[in-house]
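Subject: Handing over a structure

Dear colleague,

I am passing on to you the structure shown just below, together with its sequence. Please keep it open while you read, since the notes that follow go through it part by part.

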Amino acid sequence: MRVYEAVVTEFAEGLEMYSYACFAFSVLPEHVIRDAFAARDVKMDGKRVKRNTEAVLGAKVQLYTPFSVELPIVYEDDRILLINKPPSISCCEDEYGGVTVLSLLTERAGGAYVPRLCHRLDHWTSGLLLLCKDDESEQILLEAFKNRALEKIYQCLVRGEMRPKADTKTAFLIKDAEQARVRIVTHETPGALPIATKYETLDFDGEISRLRVTLLTGRTHQIRAHLSFLSHPILGDDKYGDRALNKRMKTWVEKLCATELTLHVGGALSYLDNRHFEIDPPF
């Protein structure tokens, strides 16, 4: 029997336990969460709870299940770890205090090393996520990401037909930390950062386009917000997307995946220079 743990945050206080479990353990299939409640295998501070029990601030929630989550490993050596992140889990602690990529990989490491994130993907964005295992590798990779020395390419599904079929679009991005979102403007504005997004159309079915997108700048929510600004929101995106379209298409998971990564890092990791990794998107 596997146990998954979460700690109720102020943000989640008062949620019914079933809803809280779906958020905190979002990497688990919903039927696994349902089965755990049916078997009375969900506890809060050591006491079994029902679906409608309210989450208490600071309480430890434990869900017991025979189901085991295994994050797909794309590449691993003594210094780095490259995974294929599912589209249903945060990289690090979020507002629900639940299971994360870091918590799962820390458990997997079993004390042999401490996994460290070198960059992040949004909760509902899937794909290639790079981590490292030691201080020197962390410093090298953080510097490489900062200097845009790694090539990151995404695929996504968007509303409508892109015209032209391939282009590089520029704009400015303003981050609103309080609202946890960004907005795009066409002209330089105080606090705005320049962005550049390159895309090419891989397919168009008459309603939805499949794009290959290269980030020439790496800003928060850049792909999602920029494509939405261009009137081509990503399918399944609830924050910047077309909710009516998402509802009609019956999808609430972002169709955005980091599909390609090419390393140019040097130093102690020079053995990885020009290594190219590629996966298929889950859509």
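**Salt bridges across the chain**

Glu76 has a relative accessibility of 32%, and because the partly exposed range runs from 20% to 50%, that is the class in which Glu76 is placed. Please bear in mind throughout that this is a predicted model, and that what I describe was computed from it.

Which residue does the side chain of Glu76 meet in a salt bridge? The partner is Lys133, and the distance between the nitrogen and the oxygen is 2.8 Å. The two residues come from distant parts of the chain, 57 residues apart, with Glu76 in strand E5 (residues 73-76) and Lys133 in the loop that runs between strand E8 (126-132) and helix H4 (135-146). Whereas Glu76 is partly exposed, Lys133 has a relative accessible area of 12% and is therefore counted as buried, the limit being under 20%. As a general point, side chains of opposite charge can pair when their charged atoms come close.

The structure holds 19 salt bridges, and two further pairs are worth finding in the view. In one of them, Arg116 and Glu138 meet through their side chains at 3.0 Å, N to O; this pair also links distant parts of the chain, since Arg116 is in strand E7 (residues 116-117) and Glu138 is in helix H4, 22 residues apart. Arg116 is buried at a relative accessible area of 18%, while Glu138, at 23%, counts as partly exposed.

In the other pair, the side chains of Asp242 and Arg159 form a salt bridge at 2.7 Å, N to O. Here the separation along the chain is 83 residues, with Asp242 in the loop between helix H5 (222-229) and helix H6 (243-249) and Arg159 in strand E9 (residues 151-159). Arg159 is partly exposed, with a relative accessible area of 30%. Salt bridges can also be joined into a network, and one such network links Asp122, Arg224, Asp237 and Glu254.

**Nonpolar cores**

In soluble globular proteins, nonpolar side chains tend to be buried together. The largest nonpolar core in this model has 53 residues, and the members that touch the most others are Met17, Tyr20, Phe25 and Leu28. Helix H1 (residues 17-24) gives the most to this core, with five residues. If you select Tyr20 and leave aside its neighbours within four places in sequence, you will find it in contact with nine residues that include Ala6, Val7, Leu15, Val61 and Tyr96. Apart from this core lies another, of 20 residues, among them Leu130, Leu261, Leu263 and Phe277.

**A cavity and a buried threonine**

How many cavities of 30 Å³ or more does the structure hold? There is one, and about 40 Å³ of space lies in it. Its lining is made by His119, Leu121, Leu128, Lys152, Tyr154, Ala258, Glu260 and Leu261, which divide into five nonpolar, one polar and two charged residues. Strands E9 and E14 are the elements that give two or more residues to this lining, and the largest share, three residues, comes from E14.

Strand E14 (residues 256-262) is also the place of Thr259. Is Thr259 buried or exposed? At 1% relative accessibility, Thr259 counts as buried, and, when residues up to four places away in sequence are not counted, it touches Leu128, Ile153, Tyr154, Gln155, Phe277, Glu278, Ile279 and Pro281.

**The second largest pocket**

About 250 Å³ of space lies in the second largest pocket, which is lined by 14 residues, with Tyr4, Glu5, Ala6, Val99 and Ser103 nearest its centre. Strand E1 (2-7) and helix H3 (101-109) are the elements that give two or more residues to this lining, and E1 gives the most, with six. By type, the lining divides into six nonpolar, four polar and four charged residues.

**An exposed helix residue**

Finally, please look at Ala38, in helix H2 (residues 30-38), which counts as exposed at 67% relative accessibility. Ala38 and Arg51 are 13 residues apart in sequence, and their C-alpha atoms are 8.9 Å apart in space.

With kind regards

Methods:
Residues numbered from 1 in each chain as written. Predicted model: local features only at pLDDT ≥ 70, side-chain atom pairs only at ≥ 80, totals over all residues. Heavy atoms only, no water. Core = buried A, V, L, I, M, F, W, Y, C linked by side-chain atoms within 4.5 Å. Buried < 20%, exposed > 50% of the residue type's maximum accessible area, 1.4 Å probe, protein only. Helix = DSSP H or I, 4+ residues; strand = E, 2+ residues; numbered from the N terminus. Contact = heavy atoms within 4.5 Å. Salt bridge = Lys/Arg side-chain N within 4 Å of Asp/Glu carboxyl O. 1 Å grid on protein atoms, 1.4 Å probe; cavity = no way out; pocket = protein on both sides within 12 Å on 5 of 7 lines; lining within 4 Å. Points joined across faces, edges and corners; volume = space filled by probe spheres on them. Nonpolar A, V, L, I, M, F, W, Y, C, P; charged D, E, K, R; others polar.
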